[in-house]
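User: Could you walk me through reading a structure like this one? I would like to learn one feature at a time.
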Amino acid sequence: MNVTLAASGSGQPALGDCFRCPRRGVQTIRVGEISTPGGPGHTAAETPLFACRSCEQDLIVIHQRAHEPPGRRYVPAHPTDPAPSGAAAEEHQRRDTPCGTH
Ligand SMILES: [Zn+2]
């Protein structure tokens with residue numbers, strides 16, 4: 001399966017559903033398509049992807065940021081060490097309860 005997105009929307013704007021956000025019945029523009037190649041037992045298919053104006057801009061920003069020089073990135077994409085979560089989540093206060101038989 002291939003997902004092709006064209007950063008600058010192509011085609012005519014049309015009212016429809018945004019594929020990315022819950023907006024329905026808004027002015028959308030075709031930003032790409034999902035395509036599957038044909039093969040034994042199934043035929044090639046293509047599903048157009050329509051995004052609203054807001055999401056189209058978001059996609060362009062994602063695209064631009066993905067290709068910024070690494071030196072400009074302020075936050076590293078992958079933190080090296082995971083932060084310990086819940087320091088005192090489980091206290092080990094194990095007391096030997098006397099069972100009554102001395
Ligand atoms: Zn949207």
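User: Where in the secondary structure is the place of Ser35?

Analyst: Happy to help! Please keep in mind that this is a predicted model. To place a residue, look up which element it belongs to; Ser35 sits in strand E3.

User: And is Ser35 buried, partly exposed or exposed, and why?

Analyst: Burial is judged by counting the C-beta atoms around a residue. Ser35 has 14 other C-beta atoms within 10 Å, so it is partly exposed. A residue would need 20 or more to be called buried, and 12 or fewer to be called exposed.

User: Which residues does Ser35 touch, not counting those up to four places away in sequence?

Analyst: Setting such neighbours aside shows what the fold brings together. Ser35 touches Asn2, Thr4 and Glu46. You can also compare separation in sequence with separation in space: Ser35 and Val3 are 32 residues apart along the chain, yet their C-alpha atoms are 6.3 Å apart.

User: Which strand pairs with E1, and in what sense?

Analyst: For pairing, follow the bridges from one strand to another. Strand E1 (residues 2–5) pairs with strand E3 (residues 26–36) in the antiparallel sense, over 4 bridges. One bridge to find on screen joins Val3 to Ile34 in E3.

User: What other pairings does E3 make?

Analyst: Strand E2 (residues 14–16) pairs with E3 over 3 bridges, again antiparallel. There, Gly16 has Val26 of E3 as its bridge partner. E3 also pairs with strand E4 (residues 45–52) in the antiparallel sense, over 8 bridges; Thr36, for example, is bridged to Ala45 in E4.

User: How many helices and strands does the chain have, and in what pattern?

Analyst: Here you list the elements in sequence order. The chain has 1 helix and 4 strands, and the pattern reads β-β-β-β-α.

User: Which residues form the largest nonpolar core?

Analyst: For a core, look for buried nonpolar residues that are joined to one another. The largest one has 8 residues: Cys18, Ile29, Val31, Leu49, Phe50, Ala51, Cys52 and Cys55. E3 and E4 each supply at least two of them, and E4 gives the largest share, with 4 residues.

User: What is Ala51 in contact with, leaving aside neighbours within four places in sequence?

Analyst: The contacts of Ala51 include the core residues Cys18, Ile29 and Val31. Ala51 is also in contact with Phe19, Arg20, Thr28, Glu56 and Leu59.

User: How far is Gly16 from Ala51, and is Gly16 buried, partly exposed or exposed?

Analyst: Their C-alpha atoms are separated by 8.7 Å, although the two residues are 35 apart along the chain. Gly16, which is found in strand E2, is partly exposed because 18 other C-beta atoms lie within 10 Å. Leaving aside neighbours within four places, Gly16 is in contact with Thr28 and Phe50.

User: What do burial and contacts come to over the whole chain?

Analyst: Whole-chain totals put single residues in context. Buried residues make up 11% of the 102 residues. Among contacts between residues at least 6 apart in sequence, 49% join residues at least 24 apart.

User: What is the pLDDT of the chain, and which elements score lowest and highest?

Analyst: Where pLDDT is low, predicted coordinates should not be read in detail. The chain averages 80, and 64% of the residues score at least 70. Among the elements, E1 has the lowest mean pLDDT, 88, and E4 the highest, 94.

Notes:
Residues are numbered from 1 along each chain as its sequence is written. This is a predicted model: local features need pLDDT of at least 70, side-chain atom pairs count only at pLDDT 80 or more; totals for chains, interfaces and linings use all residues. Two strands pair if DSSP finds at least two bridges between them. Helices (H or I, at least four residues) and strands (E, at least two) are DSSP runs, numbered from the N terminus. Two residues are in contact if their C-beta atoms, placed from the backbone, lie within 7 Å. A nonpolar core is a set of buried Ala, Val, Leu, Ile, Met, Phe, Trp, Tyr and Cys residues joined through C-beta atoms within 7 Å. pLDDT is the predictor's confidence in each residue, from 0 to 100.
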